[in-house]
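Me: I have a chain open in my viewer and would like to talk it through with you. Shall we take it one question at a time?

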Amino acid sequence: PAEPEDSPKTAPRPEKKTEQQRRREKEARALVRERPGDGGGVGVLPPVCGGPDRGCCPQAARQRREKAARCRRQELFRLRSLRRQVKRWEGELLRRRQARLAKRRAKDALPRRLGRLKYEDPSLEVQLSDELAESLRTLKPEGSVLRDRFKSLQKRSLIEPRERAKFKRRYRLKYVEKRAFREVT
């Protein structure tokens, strides 16, 4: 039992219209009904006129002018919000740029990583109140000038930070008793 081809199963539905499309159709119908001398407002335009979008009838011109004025008013309201939005965006961009600059300055202030170790600030060497001398003349200097210079070079990234070399013997020590020592004990 083959079905005839002229009767489809479902009729094609027209696309769903948006609110704006419905409003425009309603306005167009209202304009056609309002036209005087039309014989009851049937809704057919005279054959001389090409339609409201052609611009040959005064109603179409008036409708276009009203629409343009409405669009301009909407754009004015939109202009204020756009200006606020642009200001907000510019403020955000400026804030991000300043944060990026501050981050870069902080990174530049730190010493670069040259070797596998990271630079560590030396601990401050301070004397306790009971260790301090009574006069500046008798004050003993703390720390080492050589170590300070070394740390300064590391901080300025002129040499890489390094650990102290660990002294490792190649062979084990032999303990030998001397004759002189044996006689004493």
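Me: By class, how many nonpolar, polar and charged residues are in the lining of the second largest pocket?
Reply: Happy to help, and do keep in mind that this is a predicted model. The second largest pocket holds about 500 Å³ of space, and its lining is made up of 14 residues, with F150, K151, Q154, R162 and R164 nearest the centre. Sorted by class, that lining has five nonpolar, two polar and seven charged residues.

Me: Thanks! In which order do the elements of the chain run from the N terminus on?
Reply: The chain contains zero strands and four helices. Read from the N terminus, the order is therefore made of helices alone: α-α-α-α.

Me: Is L136 buried or exposed?
Reply: L136 sits in the loop between helix 2 (58-109) and helix 3 (145-155). Together with L132 and L139, L136 makes a nonpolar patch on the surface, with about 310 Å² of accessible area for the three together. The relative accessibility of L136 is 76%, and the cut-off is over 50%, so L136 counts as exposed.

Me: What separates R22 and E19 along helix 1?
Reply: These two residues form a salt bridge, with their closest N and O atoms 3.2 Å apart. R22 is partly exposed at 39% relative accessible area, while E19 counts as exposed at 62%. Because they are three residues apart in helix 1 (residues 19-34), the separation is about one helical turn.

Me: Which residue meets E92 in a salt bridge?
Reply: The partner lies three residues from E92 in helix 2, about one turn of the helix. E92 is partly exposed, with 30% relative accessible area, and the partner counts as partly exposed too, at 48% relative accessibility. The N to O distance in this salt bridge is 2.6 Å, and the partner is R95.

Me: How many residues apart are R116 and E163?
Reply: The side chains of R116 and E163 meet in a salt bridge at 3.5 Å, N to O. This pair links distant parts of the chain, as R116 is in the loop between helix 2 and helix 3, and E163 is in the loop between helix 3 and helix 4 (179-184). R116 is exposed at 66%, whereas E163 is partly exposed at 47%. Along the chain, R116 and E163 are 47 residues apart.

Me: One last thing: how many salt bridges does the structure hold?
Reply: Some of the charged residues are joined in a network, namely K17, E25 and R29, linked by salt bridges. For the structure, the count of salt bridges is nine.

Definitions and conventions:
Residues are numbered from 1 along each chain as its sequence is written. This is a predicted model: local features need pLDDT of at least 70, side-chain atom pairs count only at pLDDT 80 or more; totals for chains, interfaces and linings use all residues. Side-chain values use heavy atoms; hydrogens and water are left out. On a 1 Å grid over the protein atoms alone, a cavity is a set of points where a 1.4 Å probe fits but cannot get out, and a pocket is an open set with protein on both sides within 12 Å along at least five of seven lines; lining residues have an atom within 4 Å of a point. Grid points are joined across faces, edges and corners, and a volume is the space filled by probe spheres set on the points. Ala, Val, Leu, Ile, Met, Phe, Trp, Tyr, Cys and Pro count as nonpolar, Asp, Glu, Lys and Arg as charged, and the others, Gly among them, as polar. Patches are made of residues with over 30% relative accessible area and no salt bridge: like charges are joined within 9 Å, nonpolar side chains (Val, Leu, Ile, Met, Phe, Trp, Tyr) within 5 Å. Accessible areas come from the Shrake-Rupley method with a 1.4 Å probe; for residues, only the protein chains shown count as cover. A salt bridge is a side-chain nitrogen of Lys or Arg within 4 Å of a carboxyl oxygen of Asp or Glu. Helices (H or I, at least four residues) and strands (E, at least two) are DSSP runs, numbered from the N terminus. Buried means under 20% relative accessible area, exposed over 50%, partly exposed in between (1.4 Å probe, protein chains only).
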